[in-house]
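Got your viewer open? Let's take a short walk through this protein, one selection at a time.

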Amino acid sequence: MTVTRFLSQHYLLREAAKDGVVLQVTCQCCWKRANYLATDLARLLGGDRPVVWPPFDCSGCGNDRYVKVKVHHPEPGDYGSMRIRRPGPVKMIQTWQVVSLGD
Ligand SMILES: [Zn+2]
């Protein structure tokens with residue numbers, strides 16, 4: 001049985017990570033949607049963060065005002081078919097600044 005529900009403020013990312021759940025993140029303004037592993041978000045954002053808090057700003061709207069999070073407990077049929085956003089390679093960006101000669 002698929003269990004997808006809205007969350008309380010007391011359910012933390014570390015608990016969701018232990019539960020092995022997928023977080024379905026949807027912007028209710030532009031309807032962009034992505035699935036994340038709770039384990040990935042707990043590692044990147046910290047385990048003491050409530051699951052219900054939007055993990056990111058919406059890339060379409062530029063804010064998290066309408067971003068909602070739901071929990072999904074994966075079923076056997078989800079493995080191999082459900083699309084998940086996972087951390088990719090970390091990119092380093094060289095920035096430039098103007099300084100005085102000799103600095
Ligand atoms: Zn949006």
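Start with the whole chain: the protein has a radius of gyration of 17 Å, while a compact globule of 103 residues would have one near 13 Å (taken over C-alpha atoms, with the globule rule being 2.2 Å times the number of residues to the power 0.38). Its C-alpha atoms fill a box of roughly 65 × 30 × 25 Å along the principal axes. Before you click further, note that this is a predicted model: local features need pLDDT of at least 70, side-chain atom pairs count only at pLDDT 80 or more, and totals for chains, interfaces and linings use all residues. Residues are numbered from 1 along each chain as its sequence is written.

Now switch to cartoon view. You'll find two helices and four strands, in the order β-α-β-β-α-β along the sequence. (Helices are DSSP runs of H or I, at least four residues; strands are runs of E, at least two; both are numbered from the N terminus.)

Next, select Leu12, in the loop between β1 (4–5) and α1 (13–19). Which residues does Leu12 touch, not counting those up to four places away in sequence? They are Gly47, Asp48, Arg49, Pro50 and Val51 (contact means C-beta atoms, placed from the backbone, within 7 Å). Leu12 and Asp48 are 36 residues apart in sequence, yet 5.7 Å apart in space, C-alpha to C-alpha.

Last stop: Trp31, in the loop between β2 (22–27) and β3 (33–37). Trp31 isn't a glycine, but has a positive phi of about 65°. Most residues other than glycine have a negative phi.

Terms used
Contact = placed C-beta atoms within 7 Å.
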